[in-house]
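Thanks for coming. I will talk about the ligand site and the pocket around it. Please look at the sequence and structure first.

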Amino acid sequence: MDIQRIREDFPILNRTIYGKPLIYFDNGATTQKPRVVVDSLVNEYYSVNANVHRGVHYLSQQATELHEASRETVRQFINAQSTNEIVFTRGTTESINLLASTFGEAFMKEGDEVIVSVMEHHSNIVPWQLLANRKGISIKVIPMNDCGELMLDEYKKLFSNRTKIVSIVQVSNVLGTVNPVKEMIRIAHAHGVPCLIDAAQSIPHMKVDVQELDADFLVFSGHKIYGPTGIGVLFGKEEWLDKLPPYQGGGEMIQHVSFEKTTFNELPFKFEAGTPDYIGTTGLAKALDYVSNIGIEQIANYEQELTEYALKRLYEIPDMHIFGKAADRGSVISFQVGNIHHFDLGTLLDRLGIAVRTGHHCAQPLMQRLGIEGTVRASFGLYNTKEEVDQLIMGIERIRNMFN
Ligand code: PMP
């Protein structure tokens, strides 16, 4: 991978912050956008813009073609069987809410159970809690060991004849742990239970193939994979999506409406009420093409090497505490240094032009499990370099000396 050439695709990387070159290590929160993505948004607004699906006129048909071609790009990217299985949403959060709401409505009743893990993002906890409040279901939690790996023996024990769905994250946004989701899906299926995979932190960094995983549902956000904000995906096996009721009501999702009886549109439109973000879907497709052109395997290998380098260098710092020592881990590193508050460390790194995230990372139950309030988190993307990691190390050393 020619990183210098790749970096030129991302205009923001030329910015300075407090007079220092920007070092952007907050990719877990959102990624920067290559020119092709931003250009596609601007160009579509300037030259194609028209509402999709309902127009006979030229622009509307062109916009519809672009929008549906983007669905096909997503299908190929995750190797779904059909575009009927690709539902556009606002992002991971909306995808999980859609699923919890409709699946809960169709298949869960009081006393039923959902299995999640202790390392879930709030967006894979709270939708199930809302459902629990509405329906009286209960939530079972897969524990982890001290390395930050889910305990599969405990997972197996959580199943009962009331278990209706498993919903788990593929890569932790705090620990970087890559969970063995293929095996976990297999275990769920052996109990006749479907499985939702939160791929928000995996899809930008590794090959995600829904057929290979045999995932029933899989969700992700465009903005974490170099695409625009406000667009995301819910993949669902057609046989499952067919059985679920609509989520929101409105235009597009209907076949016929009368005050006596309304019938719903076919998949995937049944779940896409209202005008979709058809500009965003084009941008998402451009982002996926951008990643595919570089090669997701190449990106994975490069980020793996960068992460190993960063871990090695971080461990050279005295008082360094890294959370998450899973054997299989991705390019997210959470840490604390001595008694320095994570907020102070993050703020001072920012003064050096280094953007990291601090806090609980929307995973408070995981913080409780770790017995901490927060961490500093550095998360890498395909444009980060070893030189930037060296700057991070120098920055931490400097701040550490200040505090000592
Ligand atoms: N799940 C995980 C694992 C995440 O890291 C995030 C974003 N931090 C989300 C879900 C929520 O994604 P979004 O805010 O794009 O809906």
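A polar contact here is a pair of N or O atoms within 3.5 Å; within protein, one atom must be able to donate a hydrogen and the other to accept it, and residues adjacent in sequence count only if both atoms are side-chain atoms. This is a predicted model, where local features need pLDDT of at least 70, side-chain atom pairs count only at pLDDT 80 or more, and totals for chains, interfaces and linings use all residues. Residues are numbered from 1 along each chain as its sequence is written, and side-chain values use heavy atoms, with hydrogens and water left out.

Which side chains make such contacts with the ligand? In H223, a side-chain N or O atom is 2.7 Å from a ligand oxygen. S221 also has a side-chain N or O atom 2.7 Å from an oxygen of the ligand. For T93, a polar side-chain atom lies 2.5 Å from a ligand oxygen.

Residues around the ligand, meaning those with a heavy atom within 4 Å of it, include T92, H121, N173, D198 and K224. That shell divides into 2 nonpolar, 8 polar and 2 charged residues; Ala, Val, Leu, Ile, Met, Phe, Trp, Tyr, Cys and Pro count as nonpolar, Asp, Glu, Lys and Arg as charged, and the others, Gly among them, as polar.

Now the lining of the largest pocket. By the same classes, the lining residues divide into 6 nonpolar, 14 polar and 4 charged. A pocket is an open set of points on a 1 Å grid over the protein atoms alone, where a 1.4 Å probe fits, with protein on both sides within 12 Å along at least five of seven lines; lining residues have an atom within 4 Å of a point.
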